[in-house]
Amino acid sequence: MREGLSHSEKGSDPFSIFSMKHVYGWLLLTPAAILLIAFTHYPAAATLFESFFSTGTVVRPSRFVGLANYAALADDPVFWKVLGNNAVFALATIPTSIALALLMAIWVNGKLPARALVRLGYFTPTVLPMIAVANLWLFFYTPQIGLLDKVTGLFGSPSHNWLGDPHTVMACLSVMTVWKEAGFFMIFYLAALQSLSPELEDAARVEGASRWYFFRRVTFPLLMPTTLFVMVNATINSFKLVDHLFILTKGGPDNASNLLLYYIYQVAFSFFDTAYASTLTVVLLALLAGLALMQFMLVERRVHYR
Amino acid sequence: MNAAEKGAAWLLGALWVAPLVYAAWAAFHPAALATHFDPLAPVTLDNFRKAWTYAPFPRHFLNTVILVTMVLSAQLVLCTLAGFAFARFDFAGREIAFGLVLVQLMVMPEVLIVENYRTMARLGLVDTILGIGLPYMASAFGIFLLRQTFKTIPRELEEAARVEGCSWLGVLWRVYVPLARPTYLAYALVSVSYHWNNFLWPLVITNSVNTRPLTVGLAIFGAPESGVDWAVISAGTLMAVAPLLAAFLLFQRQFMQSFMQAGIK
């Protein structure tokens, strides 16, 4: 805004002299605006609206039910289960991916022979679709013929249905997700590390500081903005990452691995309860909005670091 | 960095490519030998041949290529126009409009599957490739990226072009678009990767072979209940990811930079 004003004050904006800038501006924006409104703003508003109505059927048309869907949600044990699963999934994958990403970045940023190759290896899972990743990992977890069973079999353990056991299924999915995501987060740390001044490390060496001490007291604090940024991004991702469930578990056993977005899909397209699916979507939108707000505040703070 | 640390770095790298290497092993060997690591085992392309015929892979490939091309072309046009408007036209309501565009960064179309499905049904676009692509064509990320790039282009260049008699559309086409080429490339890589790999929305909106992209075809093919053996699934999975993986191996630096830009926004 400030910038725009200064330009028109100077009279340097060639378009403003026609004072057609409003018309041109909106004309250029219109095609994109129509699609954005149709597939982002309108559906978001319609979702909220729908959540106050019942699901219509042929014999019973949809009617206003106030907060009844939200009351049903509060009483739905599956909803609380999937929300808990989302929290477990986030807690199991995010800190591990971030720690590994930082380690990877430090390694490929250092004097490692063949480091381009190693970096390539770390990053490769990022370009694979989640469906393909699930296909690859399914075979590790399959009872009897799977690689995991073969390895534990060497130690005399009996065959185990890793994905069919509520106690192990989330751990299995989390390990796979960490594999998929760590390389992606690595590139942010790598960029941050490369922007750090090399004189810092030289100074530390002169002072006789150990590498661990230098990391703990200098590198890690300086990387804090990156860590916060990656953390928020990873949390947002963890709500959208559900493709693997279609292949590996379908949310089972007994919803032990079900996640909110997958549950929305089930309610809408398997149980055909669109009103309740809208109610669940409102919860997801609220969570994402909260995270967006956090991200926004982080960006504001990052300005102070510059 | 001491030797132990180097070893650990390499070991982690080996561990990271192991699932892919393992899938490749299974795909190139007879099914019976999929779990026997005998270096002398006979190599075969049988699994690829089977995968290619068991599932309508050629059709899925075609659908994905059409989808990715269509989405990217539309995105380039729409985002260029909108990005230019935000960067260079001081129109009324610009800041509010920009804020509303950024909402899409958080609320991607796949979060709103229920309502978007309903909209597509009303438009008669269920089970069409256009239906898969339409919600993504106005991309907030693209608009944002191009706006940032256009803002860095000195106005003097634009004024020089206008003195020579360029219309504002000519200025956009002759000055802004050529100077933003690296941004276009970065955006194209992210967009193609995203839509090559996207799954949930295409799954919801398609229900026939003629429209399903690779990811959806792969999910049906690879589901445990399909009864297809592991070696063939590996072959199918590798075929589906091969084009993108090959592009990545060729342009890795560009890919990593683009993905990073997409993350930072």
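Which residues in H8(B) meet which residues in H9(B)? In the predicted model examined here, Leu157(B), Glu158(B), Ala161(B) and Arg162(B) on the side of H8(B) meet Gly170(B), Val171(B), Arg174(B) and Val175(B) on the side of H9(B). Sorted by class, the residues of this contact between H8(B) and H9(B) are 4 nonpolar, 1 polar and 3 charged. Two packed helices are described by the angle between their axes and by the distance that separates those axes. For helix H8 (residues 155-163) and helix H9 (residues 168-179) of chain B, the angle is about 125° and the axes lie 10 Å apart. An angle of about 125° falls in none of the roughly parallel, roughly perpendicular or roughly antiparallel ranges, and H8(B) and H9(B) are therefore oblique to each other. The crossing of H8(B) and H9(B) is right-handed.

A second pair of helices in chain B was examined in the same terms. Helix H3 (residues 57-88) of chain B packs against helix H10 (residues 181-197) of chain B at an angle of about 145°, and the axes of the two helices are 10 Å apart. The crossing of H3(B) and H10(B) is right-handed. On the side of H3(B), the contact is made by Thr64(B), Leu67(B), Val68(B), Val71(B), Leu72(B), Gln75(B) and Leu76(B), while H10(B) contributes Tyr184(B), Ala188(B), Ser191(B), Val192(B), His195(B) and Trp196(B). An α-helix has 3.6 residues a turn, so residues three or four places apart point the same way. By class, the contact of H3(B) with H10(B) has 9 nonpolar and 4 polar residues, and no charged residues.

These helix pairs belong to a chain whose secondary structure comes to 14 helices and 0 strands, so that the elements of chain B, read from the N terminus, run α-α-α-α-α-α-α-α-α-α-α-α-α-α. The radius of gyration of chain B is 23 Å, whereas a compact globule of 265 residues would have a value near 18 Å. The C-alpha trace of chain B spans about 70 × 60 × 30 Å along its principal axes. Of the 265 residues in chain B, 47% are buried. Among the contacts in chain B with a separation of 6 or more, 75% are accounted for by residues 24 or more positions apart.

Chain A likewise comes to 14 helices and 0 strands, and its pattern along the sequence is α-α-α-α-α-α-α-α-α-α-α-α-α-α. With a radius of gyration of 25 Å, well over the 19 Å that the globule rule gives for 306 residues, chain A is more spread out than a compact globule. Along the principal axes of chain A, the C-alpha trace spans about 80 × 75 × 30 Å. Buried residues make up 38% of the 306 residues in chain A, and of the contacts in this chain between residues at least 6 apart in sequence, 68% join residues at least 24 apart.

The contact between the two chains takes 76 residues from chain A and 71 residues from chain B. On the side of chain B that touches chain A, the largest share, 9 residues, comes from helix H1 (residues 3-27) of chain B. The residues on this side of chain B divide into 50 nonpolar, 12 polar and 9 charged.

Local backbone features were also considered in chain A. Most residues other than glycine have a negative phi. Ala114(A), although not a glycine, has a positive phi of about 60°, and Ala114(A) is found in the loop between helix H4 (77-109) and helix H5 (115-123) of chain A. Because 13 C-beta neighbours lie inside 10 Å, Ala114(A) counts as partly exposed. Asn255(A), which is also a residue other than glycine, has a positive phi near 60° and is placed in the loop between helix H12 (243-248) and helix H13 (260-269) of chain A. With 21 other C-beta atoms within 10 Å, against a threshold of 20 or more, Asn255(A) is buried.

The helix that follows this loop, H13(A), has 9 of its 10 residues buried, so H13(A) is largely enclosed by the rest of the structure. The buried residues of H13(A) are Leu260(A), Leu261(A), Tyr262(A), Tyr263(A), Ile264(A), Tyr265(A), Gln266(A), Val267(A) and Ala268(A).

Note on methods:
Residues numbered from 1 in each chain as written. Chains lettered and ligands numbered in written order. Predicted model: local features only at pLDDT ≥ 70, side-chain atom pairs only at ≥ 80, totals over all residues. Contact = placed C-beta atoms within 7 Å. Helix = DSSP H or I, 4+ residues; strand = E, 2+ residues; numbered from the N terminus. Nonpolar A, V, L, I, M, F, W, Y, C, P; charged D, E, K, R; others polar. Axes fitted to C-alpha atoms, helices over the stretch in contact; angles between N-to-C directions. Left-handed = near helix turned anticlockwise from the far one by under 90°. Rg over C-alpha atoms; globule rule 2.2 N^0.38 Å. Buried ≥ 20, exposed ≤ 12 C-beta atoms within 10 Å, placed from the backbone. Parallel < 35°, antiparallel > 145°, perpendicular 65-115°, else oblique.
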